Amino acid sequence: MTGLSLDRARIRRLFDLSGDVYATRGGTFATDPYPTFHRLRETGPVHPGAPHEALGWTGDVFFQGLPYPQRPHVSAYDYGTCATVLKDDRRFLTSVPPLPGEPPMVDAGILFMNGTRHRDYRTLVQPSFVPGRAVWWLDNWISTTVHQLIEAFQHDDTVDLNVELCAVIPLLTITGSFGIGVDEALEVRAVVTSDGQDAGALARLLVPIIAARREEPRDDLISVLVQAEVTGEDGVVHRLTDQEVLGFAFLLLAAGSGTTWKQMGITLVALLQHPEALAAAREDRGFLRNVVEESLRWTPTDPVFARFAAEDCELGGVDVPAGAVVHACLAAANRDPSRWERPDEFDPFRPMKPHLGFGHGPHTCLGMHVARAEMTHGIGALLDRFAGMRLDPDAHAPRIIGLYERGPDAVPVRLGGGPR
Ligand code: HEM
C-alpha cells in the first residue's frame, strides 16, 4: 500500500474470518443464525446451553464466558432479559473466582472487572472516549489513515474493501493512539488474536513507549494511561503500574482493532445492497449515522457477551445457579419483534431506538464514539471519491459469516470510473 507499507498478504491472513485466527470463534460458521434465534425466543426468553450449541456448532470455542465446561450455561434471546443481564452488575459479573481445575480468570482490563473497581478504572480513560473527543481521534489518526488507504487503491477498477480499508482503519487508529508505528501494527494484531499465547510480545513493544511517555507525555492515549491515578485498596493514590497500563492496552488494542473492521464491512455490504439507502447517504452524509446504527442493530459483529451469575436466581422463568454462565445474545435481542417492526430487514429509514450492538449498562462499549467516527468517516470518504462505487457484479456476493465474531467474507467493489 503506497505510503503505508503494509504487508497485504499478512493483513489478508490476520483479517480472514474463515482462517486459523478465528477458528475458535466459529469463524467459518456460514448459516444464518437468526431463524434459530427467533424460534428459541418464541418459546421463551431464556434457554439452557450456549448459543453455539443451539446453532449446532460442535467445534472448540473460546470467547467471553466460553468454554467453562464445568459450569451450567444458559442463554437469553429477548431484548428485555439481555438488557437486564448486562445492566445488573450486582447479580451478573464479568469475572468470578475460578472453580477447582479452571485456569485463573483474566484480570486484565476493565471488561473483566466488576463493581466499584470497574467504575474507578473506567473513569480514568472515559474522558478520551466521550462524543466530544471524536474530533481528536479523527484529526490525529482516522482522517489521515482513511485518505492514505483510499489513495493507495483509487486508480484500481476493483478492490476488496474488507481488507484494503475496513481492516486497516481501526487497527492504525488504535495502534497510532498508543504510539505504535505502522510497521509494528500488524504484529500487535497478531498478538491480540493469539488467545493470550504471545502477550510477552506486546509488553516488549509497549514497555519502551510507556517509559518514554512517563518521561515526556504526548497528546496520545498511552500518555493518558501513564498519567492516570487510582486509589488502591489501602487508600493510597498511585499512578497505574506498567502492568496495569499493559492490561488496559491489551483490551483496547484487541477491542479497538477487530470489531470496527467487521462492523464496517457489514455496514458497507448492507448499504451497497440497498439502493435507496445508498442514494440517501450520497445525498446527505449525515444519513450515514442512521446507516451505521441500523447495521449495529441488524447484524452486530459481536453477537453474544456473557456474564457469571453471582447468586442463585431466576431469569426469564429459568433457574440459574450461582456460578452459571449467562450468555446475552445481543444479536437476537436486536431483532426482538416486540421492539422492532420487520426486525429482519435492514432499514436505516426506520425510527432509531437504542439497541444492544454496543452492549448496555456499566460495560457499554467504551470505544463506541470512536467506532462510529471511523465508520461514518471511512464510508463518507468512499462516497466522496467514488460516485459510481457498487458491489462488483463479477465477484461472488458477500456472505456474512462467523459465530461469536461476525462479518463479511469480502467486500468486493467496482470503484466505477476512478476518483471524481
Ligand atoms: C463497531 C465496533 C464495536 C462494537 C460493535 C463493539 C462492541 C462492544 C460491546 C458489545 C461491548 C460490551 C461487552 C460486554 O458487555 O461484555 C464492548 C465493550 C468494550 N469496547 Fe467495544 N465495540 C466496538 C468498537 C470498539 C473500539 C473501537 C474500542 C476502543 C477504541 C472498543 C473498546 C471497548 C472496551 C474497552 C470495552 C469494555 C468496556 C467496559 O468493560 O467497561 N470497542 N464493545
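The legends below describe close-up views of a predicted model with a bound ligand.

Residues are numbered from 1 along each chain as its sequence is written, and side-chain values use heavy atoms, with hydrogens and water left out. Because the model is predicted, local features need pLDDT of at least 70 and side-chain atom pairs count only at pLDDT 80 or more, whereas totals for chains, interfaces and linings use all residues.

**View 1. The shell around the ligand.** The ligand is surrounded by 29 residues, a residue being included if one of its heavy atoms lies within 4 Å of the ligand; His118, Arg122, Arg307, His363 and Cys365 are the closest. By class, the shell holds 16 nonpolar, 11 polar and two charged residues, where Ala, Val, Leu, Ile, Met, Phe, Trp, Tyr, Cys and Pro count as nonpolar, Asp, Glu, Lys and Arg as charged, and the others, Gly among them, as polar.

**View 2. Iron and polar contacts of the ligand.** The protein offers the iron atom of the ligand a single donor, SG of Cys365, at 2.3 Å; donors are N, O and S atoms within 2.8 Å of the metal (3.2 Å for Na, K and Ca), and water is not among the atoms, so sites may look incomplete. Cys365 itself belongs to the loop between α15 (330-333) and α16. Polar contacts, taken here as pairs of N or O atoms within 3.5 Å, link oxygen atoms of the ligand to the side chains of His118 at 2.7 Å, Arg122 at 2.7 Å and Gln64 at 3.3 Å. Two or more shell residues come from each of α5 (115-125), α12 (242-272), β7 (304-309) and α16 (368-385), with α12 giving the largest share, seven residues; helices (H or I, at least four residues) and strands (E, at least two) are DSSP runs, numbered from the N terminus.

**View 3. Buried residues of α5.** Gly115, His118, Tyr121, Arg122, Leu124 and Val125 of this helix are buried, meaning under 20% relative accessible area with a 1.4 Å probe and protein chains only. Their cover includes α11 (221-227), β5 (229-231) and α12, judged by contact, that is, heavy atoms within 4.5 Å.

**View 4. Strand β10 and its partners.** In β10 (residues 325-329), five of five residues are buried: Val325, His327 and Cys329 point one way, and Val326 and Ala328 the other. Strand β2 (residues 73-76) runs parallel to β10 and is joined to it by four bridges, strands being paired if DSSP finds at least two bridges between them, and His73 stands opposite Val325. β7 pairs with β10 in the antiparallel sense over five bridges, with Phe305 opposite Ala328.

Note on methods
A polar contact is a pair of N or O atoms within 3.5 Å; within protein, one must be able to donate a hydrogen and the other to accept it, and residues adjacent in sequence count only if both atoms are side-chain atoms. Buried means under 20% relative accessible area, exposed over 50%, partly exposed in between (1.4 Å probe, protein chains only).
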